[in-house]
Amino acid sequence: MKEVIYIFIGSGLGGLTRFGLGKWINSLHSTNFPFGTFIVNVLACFVLGFVIGLADSRQIISPQTKMFWVVGFCGGFSTFSTFSNETLTLLQTSNHATNFLYIVLSVIVCLTVTFLGLTLANKI
């Protein structure tokens, strides 16, 4: 039952953080590129990689703490469904270059920062 509570609290905090940070980032520019979702996804991937590295490779944090951060916070914070919706919206508005850039950058940058998070955690 404790795991459910950790996930519940982490998800709520992650979702609130995503909402606030995404809204703030989007207010800083006027382009049609979805920077808020992009930055949030990059941060979520880094946190995920870092926490998994601390939990699995370094065994510095407990399984419950890992559950809070990985399943709870990062699950509530990351925005794959929003990414999918924004990608479809860009397709419907014929912003093909922006859409292509968004998809490619999201995949490459998110995979890279997940790896960097794992690497950083292993060096601690």
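How many disulfides does a search of the whole structure find? The search returns 0 disulfides. The structure is a predicted model, and its cysteines make a friendly place to start. Cys 74 takes part in no disulfide, and the nearest cysteine sulfur, belonging to Cys 45, lies 8.2 Å away. Cys 110 is likewise in no disulfide; here the nearest cysteine sulfur is again that of Cys 45, at a distance of 3.8 Å. Because a disulfide calls for two cysteine sulfur atoms within 2.5 Å, the 3.8 Å between the sulfurs of Cys 110 and Cys 45 does not qualify. Cys 74 is buried, with a relative accessibility of 4%, and Cys 110 is buried as well, at 10%.

From Cys 110 the path leads on to Thr 114. This threonine sits in helix 5, which runs over residues 96-123. A polar atom of the Thr 114 side chain lies 2.8 Å from the backbone oxygen of Cys 110. Thr 114 has a relative accessible area of 18% and is therefore counted as buried. With neighbours within four places in sequence left aside, Thr 114 is in contact with Cys 45, Phe 46 and Gly 49. Cys 45 thus appears once more, here as a contact of Thr 114 and earlier as the owner of the sulfur nearest to that of Cys 110.

Cys 74, for its part, belongs to the buried residues of helix 3, which are Phe 68, Val 70, Gly 72, Phe 73, Cys 74, Gly 76 and Phe 77. These buried residues pack against helix 1 (2-27) and helix 2. Helix 3 itself is made of 15 residues and spans 19 Å between its first C-alpha and its last, close to the 21 Å expected at 1.5 Å a residue.

Attention now turns to charged side chains. Side chains of opposite charge can pair when their charged atoms come close. How many salt bridges does the structure hold? There is 1 salt bridge, and it joins Asp 56 to Lys 66, with 3.0 Å between the closest N and O atoms. Asp 56 is in helix 2 (residues 35-57) and Lys 66 in helix 3 (residues 63-77), so the pair ties together parts that are 10 residues apart in sequence. Asp 56 is partly exposed, with a relative accessible area of 40%. Lys 66 also counts as partly exposed, at 25% relative accessibility.

Glu 86 offers another view of a charged residue. Its place is in helix 4, residues 80-92. Is Glu 86 buried or exposed? Glu 86 is buried and yet has no salt bridge, the nearest side chain of opposite charge being that of Arg 18, 9.5 Å away. The side chain of Glu 86 does make a polar contact, at 2.8 Å, with the side chain of Tyr 102. Tyr 102 also appears among the contacts of Glu 86 beyond four places in sequence, together with Pro 34 and Thr 37.

Helix 4 also contains Leu 91. With a relative accessibility of 42%, Leu 91 counts as partly exposed. Beyond its neighbours within four places in sequence, Leu 91 is in contact with His 96 and Asn 99.

Definitions and conventions: Residues are numbered from 1 along each chain as its sequence is written. This is a predicted model: local features need pLDDT of at least 70, side-chain atom pairs count only at pLDDT 80 or more; totals for chains, interfaces and linings use all residues. Side-chain values use heavy atoms; hydrogens and water are left out. Buried means under 20% relative accessible area, exposed over 50%, partly exposed in between (1.4 Å probe, protein chains only). Helices (H or I, at least four residues) and strands (E, at least two) are DSSP runs, numbered from the N terminus. A polar contact is a pair of N or O atoms within 3.5 Å; within protein, one must be able to donate a hydrogen and the other to accept it, and residues adjacent in sequence count only if both atoms are side-chain atoms. Contact means heavy atoms within 4.5 Å. Lys and Arg count as positive and Asp and Glu as negative; His and the chain ends are not counted. A salt bridge is a side-chain nitrogen of Lys or Arg within 4 Å of a carboxyl oxygen of Asp or Glu. The expected span of a helix is 1.5 Å times one less than its number of residues.
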